[in-house]
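Subject: Structure handover

Hello,

Please find the structure below, as promised. My notes on what was found in it come after.

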Amino acid sequence: MPRTHDGRDVGSSTAEWRLDCGARHLLGLDGYHCIDARGRRMKIGPRRHRQQYLQRVQAARGLAERDRLAAAALRIRDAAARRPAMDDSR
């Protein structure tokens, strides 16, 4: 059974699992390079890439789902920041 970031066991076909996977995907997005209308190479940073992804989610599923996904991603990021670092100096 899959486990969410906060340790809960959920079914792999549940909305909770889909939301958790989507949030982890959103946090994992890196920047990319593209060619603009003038033929110049542009660098899109990770933050802008995540904003674009959320805009596509909003267009496909609505504002409420976009907000849920963004909030879930922030919860995962905050939980990872609070987690104590592993001490390997034993």
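To start in the middle of things, Arg48 is found in helix α2. Arg48 counts as partly exposed because its relative accessibility is 38%, which falls between the 20% limit for buried and the 50% limit for exposed. Tyr32 is 16 residues from Arg48 in sequence, and the C-alpha atoms of the two are 9.8 Å apart in space.

Please keep in mind that this is a predicted model. The protein has a mean pLDDT of 88, with 93% of its residues at 70 or more. Of the elements, α2 has the highest mean pLDDT, 96, and α1 the lowest, 92.

Next, the core. The largest nonpolar core has twelve residues: Leu19, Ala23, Leu26, Leu29, Tyr53, Leu54, Val57, Leu69, Ala70, Ala72, Ala73 and Ile76. At least two residues of this core come from each of α1 (15–27), α2 (46–61) and α3 (63–82). Helix α3 gives the largest share, five residues.

Two members of the core are worth a separate note. Leu54 has contacts with Leu26, Arg66, Leu69 and Ala70, once residues up to four places away in sequence are set aside. Leu29 sits in the loop between α1 and β1 (32–35). With a relative accessible area of 11%, Leu29 is under the 20% cut-off and therefore buried. Not counting residues up to four places away in sequence, Leu29 touches Pro46, His49, Arg50 and Tyr53. For one of these, Arg50, the separation from Leu29 is 21 residues in sequence and 6.5 Å in space, C-alpha to C-alpha.

A charged residue also turns up among the buried ones. Glu65 has its place in helix α3. Is Glu65 buried or exposed? Glu65 is buried, because its relative accessible area is 13% and the limit is 20%. Leaving aside neighbours within four places in sequence, Glu65 is in contact with Arg18, Leu19 and Val57. Both Leu19 and Val57 are listed in the largest nonpolar core.

Then the pocket. The largest pocket holds about 280 Å³ of space. Its lining is made up of Leu26, Leu27, Arg47, Arg50, Gln51, Leu54, Gln55, Arg66, Ala70, Ala73, Leu74 and Arg77. The elements that contribute two or more residues to this lining are α1, α2 and α3. Sorted by class, the lining has six nonpolar, four charged and two polar residues. Among the lining residues are Leu26, Leu54, Ala70 and Ala73, which also belong to the largest nonpolar core. Arg50, which touches Leu29, is part of the lining too.

Last, the start of the chain. Pro2 is found in the segment before α1, and Asp9 lies in that segment as well. Not counting residues up to four places away in sequence, Pro2 touches Arg8, Asp9, Val10, Gly11, Ser12 and Trp17. On the same basis, Asp9 touches Met1, Pro2 and Arg3. At 44% relative accessibility, Asp9 counts as partly exposed, because the value lies between 20% and 50%. Pro2 and Val57 are 55 residues apart in sequence, and their C-alpha atoms are 24 Å apart in space.

Regards

Technical notes. Residues are numbered from 1 along each chain as its sequence is written. This is a predicted model: local features need pLDDT of at least 70, side-chain atom pairs count only at pLDDT 80 or more; totals for chains, interfaces and linings use all residues. Side-chain values use heavy atoms; hydrogens and water are left out. A nonpolar core is a set of buried Ala, Val, Leu, Ile, Met, Phe, Trp, Tyr and Cys residues joined through side-chain atoms within 4.5 Å. Buried means under 20% relative accessible area, exposed over 50%, partly exposed in between (1.4 Å probe, protein chains only). Helices (H or I, at least four residues) and strands (E, at least two) are DSSP runs, numbered from the N terminus. Contact means heavy atoms within 4.5 Å. pLDDT is the predictor's confidence in each residue, from 0 to 100. On a 1 Å grid over the protein atoms alone, a cavity is a set of points where a 1.4 Å probe fits but cannot get out, and a pocket is an open set with protein on both sides within 12 Å along at least five of seven lines; lining residues have an atom within 4 Å of a point. Grid points are joined across faces, edges and corners, and a volume is the space filled by probe spheres set on the points. Ala, Val, Leu, Ile, Met, Phe, Trp, Tyr, Cys and Pro count as nonpolar, Asp, Glu, Lys and Arg as charged, and the others, Gly among them, as polar.
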